[in-house]
Amino acid sequence: MIIADNNEFYRRVLGDFFREEGFEVRVASDGIEALEMIKQRRPDLLLLDLIMPRLDGARLSAFLKGQEAFRDIPIIILSGILADEIDGVEEIRADAYIAKMPLEQIQDTLKDVARKLVDGLRDVRPILSGFEKMYRREVVLELLEERRSAQVTLDSLSEGIVEVSQDRRVLVANRAMERITGQPASAMIALPLDELFPESRPVLKGLFEDVGRGQHVAAGVIRQGGRELQIKLHRLEPDAPHPTEGSDADDAACASLGPGSGVRQAVRRAARTTSKVRLDAAAQCIGYTLLVEDITERVKAEREREQLRSRLAQSEKMSAIGLFVAGAAHELNNPLTSVLGYAQLLLQGEKGHEVRKELEKIAAGASRCKKILENLMAFARSNRPAKVAVDFNALLMESLGGYGDRLRDAGIELSLELATDLPATLADPLQILQAFNSIVDNAHKAMTGFPGRRLLSVASKVSGSRIVIEIGDTGPGIPHESLGKIFEPFFTTRQVGQGAGLGLSVAYGMVTAHAGRVGVRNQANGGAIVTLEFPIIARDETAPAAAAPRAGEVSRAAPAERRILIVDDEAIVQELLVDILERDALRIDTASNGLEGLRRIGEKDYDLIILDLRMPDMTGQQMYEELARSRPEMLGRLLFITADTVTPEVDHFLKSVGSPCLTKPFAVDMVMQRVESILSHARV
Ligand SMILES: Nc1ncnc2c1ncn2[C@@H]1O[C@H](COP(=O)(O)OP(=O)(O)OP(=O)(O)O)[C@@H](O)[C@H]1O
Ligand SMILES: [Mg+2]
């Protein structure tokens, strides 16, 4: 047989007793252990204590009786309270229930019942024995035991549980509650609940009002000591009064047995008299329980996930806009190049005053478009940042210096908090300065005329492996609905002519080209603050050494004989370049793709090859690779033209070859300058 009891004394006494009776006895200290033993070797008899930790006798019995393989094992339940007081004796389905009393008083019963059951003499009705003689002390002990096991359960929960009296004082608090409040349970007893959560009195008051209006549960979130706690307040109501309830508790000892007997009620009454919360059937509410869950980490994680989600969505949106902008800029570039180029060319000749004026207007309009296109391409990260060691503090000071007068005129004070240990990092100083300027310009505009103290706060610091710059203002801040759009090109809230909506998009493009991040939020004081983050790069590990010009290998050519090959698929660009360069008495050939270009190079020697990167059939890059293989001496005579360098491949390619490059749309004098520079090398 197996005896399962959490009380070691009972295990030993009962074990010895049954061994003397000729049983082979195994003992277990709870239901789980007993179940393991049963699975190992099936016993002929099970003696279970009703109340045990983990798995109690009632549930183990119910489980075994529901299993085909174990159904036939006879089960005796030993209990200090009558088994049918525990809900559902029908489900427990033990074969016998024997009241727990000093052994000498029940040993005969135990022996008889055990023998009967082992011999298979079972009745359909369970055997009940000894309850009429049950000691009150045993009942109390058993209830205490039950309470202790309930406490074990409560303490094992991660949620805090507090039992609260009608007048809102703490009666019981579990272990989790000690962790949450930082107080031992003993110190919480009798404390008004308000004092347990002093920061959240109004919320608690609201919850009590909710349950006071008849609601059974009320829930809310409170803050306490920097933690966020979700609380649920339950109202405890008395059970419906039992028909026979009301007689004296001492009846328990003499009540008769049988289905629906008075013992059930008697034991129930006994239980009530030991319980902290006394039932008062007349009262509507007998107290409360409060369930407290620390959701600080969950809320934090959720918030972080939300931020990550919106950052991802934002960066996806920005890169989609970037692609669109880069494509549009590319398409506009060629026609604009010819408008600007021809306007400038025409201006170089002899013209009448009127014509000149009109040409100047065309050139000025085209220049403005060029500026916008440049900004758009900067947003689309098409301008490769240079890499030189840069002191960000110095750049901030330079930017603020440039705005000095304007800030002063607008009554703006300056607060500087620059880290003294800011390391130099590789970056493009012009781009960084432009980004700073855009942000300072916005802050200046936001505060100009805005009431109250006007303060521009600029701070720099090192955070991990990044440099963090913060530029904050005391202007009106940015409306919530605009926050997600301010980096988009052309988003502006300014009057026509006051702003193009390109400042922040250019800053965005430049910062991201530096593998940095830029974000804007509103501060508690209402103003906006822009945060820029840049990785600290000590030296350039990516760019290979630039190809040195191979001037020495280039054959000398008399100035008049200098030949240029233009390889570009866009006829309009080809023509413009021819028109620009022919004036300088240079001899020019053209090709509209890489293959044709190579054929021409095979036929003639050129001093300069102007090479577009994006072309059908053979791209500029492929042509470069072919030349590197077959005519390496030509590599020093290349001048690339590109509409943009948005794709990382092109960007990487240009960095790796180190040849000069013209970005479309180009100004006439810029073309001449580059061409001269290469030809002068060739003449050495
Ligand atoms: N510090 C700030 N305070 C309040 N609003 C701002 C601030 N910075 C930017 N904004 C808002 O963001 C919009 C976009 O700014 P952005 O710099 O890109 O363009 P812009 O200033 O309107 O024009 P541009 O910079 O091309 O002259 C602004 O029109 C403004 O509404
Ligand atoms: Mg701006």
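**Ligand 1 and its shell**

Select ligand 1 in this predicted model and display its surroundings: 20 residues surround the ligand, and the closest are Asn442, Thr492, Gly499, Gly503 and Leu504. Colouring these surroundings by residue class gives 9 nonpolar, 9 polar and 2 charged residues. Two helices, H15 (429-447) and H17 (503-513), each supply at least two residues of this shell. Of the elements to highlight here, H15 gives the most to the shell, with 4 residues.

**Helix H17**

Keep ligand 1 in view and select residues 503-513, the extent of H17. How many of the residues of H17 are buried? The count is 10 of 11, and the helix is accordingly described as mostly covered. The buried set consists of Gly503, Leu504, Ser505, Val506, Ala507, Tyr508, Gly509, Met510, Val511 and Ala513. Gly503 and Leu504 have already been met among the closest residues to ligand 1.

To see what covers the helix, add its packing partners to the selection. The buried residues of H17 pack against three helices, namely H12 (296-348), H13 (353-379) and H15, and against strands S17 (517-522) and S18 (528-535). H15 thus appears both here as a partner of H17 and as a contributor to the ligand shell.

**Backbone on either side of H17**

Move next to Ala515, just after H17, where phi is positive at about 60°. Then go to the loop between helix H16 (480-483) and H17, which holds Phe490. Phi of Phe490 is near 70°, a positive value in a residue other than glycine. Most residues other than glycine have a negative phi. Is Phe490 buried, partly exposed or exposed? Phe490 is partly exposed, because 13 other C-beta atoms lie within 10 Å.

A further stop of this kind is Arg93, in the loop between helix H4 (89-92) and strand S5 (96-99). Arg93 is not a glycine, yet its phi is positive at about 55°. With 17 C-beta neighbours inside 10 Å, Arg93 also counts as partly exposed.

**Helices H2 and H3**

Select residues 31-40 for H2 and residues 57-65 for H3. The two axes come within 9 Å and cross at roughly 30°. H2 and H3 are therefore roughly parallel to each other, since angles under 35 degrees count as such. The crossing is right-handed. At the contact, Gly31, Ala34 and Leu35 in H2 meet Gly57, Arg59 and Leu60 in H3. By class, this contact has 3 nonpolar, 2 polar and 1 charged residues.

**Met52, in the loop before H3**

From H3, step back to Met52, which is placed in the loop between strand S3 (46-49) and H3. Met52 is buried, because 25 other C-beta atoms lie within 10 Å, and 20 or more are needed for that class. Which residues does Met52 contact, leaving aside its neighbours within four places in sequence? They are Ala4, Asn6, Asp30, Gly31 and Gly57. Gly31 and Gly57 also take part in the contact of H2 with H3. Now draw a C-alpha to C-alpha distance from Met52 to Ser149: the two are 97 residues apart in sequence and 7.4 Å apart in space.

**Helices H19 and H20**

Continue to residues 594-603, which form H19, and residues 620-630, which form H20. Their axes come within 9 Å and cross at roughly 30°, and H19 and H20 are therefore roughly parallel to each other. The handedness of this crossing is right-handed. Show side chains at the contact, where Gly594, Gly597 and Leu598 in H19 meet Gly620, Gln622, Met623 and Glu626 in H20. This contact has 2 nonpolar, 4 polar and 1 charged residues by class.

**Gly636, in the loop after H20**

Proceed along the chain from H20 to Gly636, in the loop between H20 and strand S22 (638-642). Gly636 is partly exposed, because 18 other C-beta atoms lie within 10 Å. A C-alpha to C-alpha line from Gly636 to Gly658 spans 9.7 Å, with the two residues 22 apart in sequence.

**The whole protein**

Finally, clear the selection and view the complete model. The secondary structure comes to 22 helices and 23 strands. Of the 684 residues, 33% count as buried. Among contacts with a separation of 6 or more, 67% are between residues 24 or more positions apart.

Notes. Residues are numbered from 1 along each chain as its sequence is written. Chains are lettered from A and ligands numbered from 1 in the order in which they are written. This is a predicted model: local features need pLDDT of at least 70, side-chain atom pairs count only at pLDDT 80 or more; totals for chains, interfaces and linings use all residues. Axes are lines fitted to C-alpha atoms, for helices over the stretch in contact, and angles run from 0 to 180 degrees between N-to-C directions. Angles under 35 degrees count as roughly parallel, over 145 as roughly antiparallel, 65 to 115 as roughly perpendicular and the rest as oblique. A crossing is left-handed if the near helix is turned anticlockwise from the far one by less than a right angle, and right-handed if clockwise. Two residues are in contact if their C-beta atoms, placed from the backbone, lie within 7 Å. Ala, Val, Leu, Ile, Met, Phe, Trp, Tyr, Cys and Pro count as nonpolar, Asp, Glu, Lys and Arg as charged, and the others, Gly among them, as polar. A residue is near a molecule or strand if its C-beta atom, placed from the backbone, lies within 6 Å of it. A residue is buried if 20 or more other C-beta atoms lie within 10 Å of its own, exposed if 12 or fewer, and partly exposed in between; C-beta atoms are placed from the backbone.
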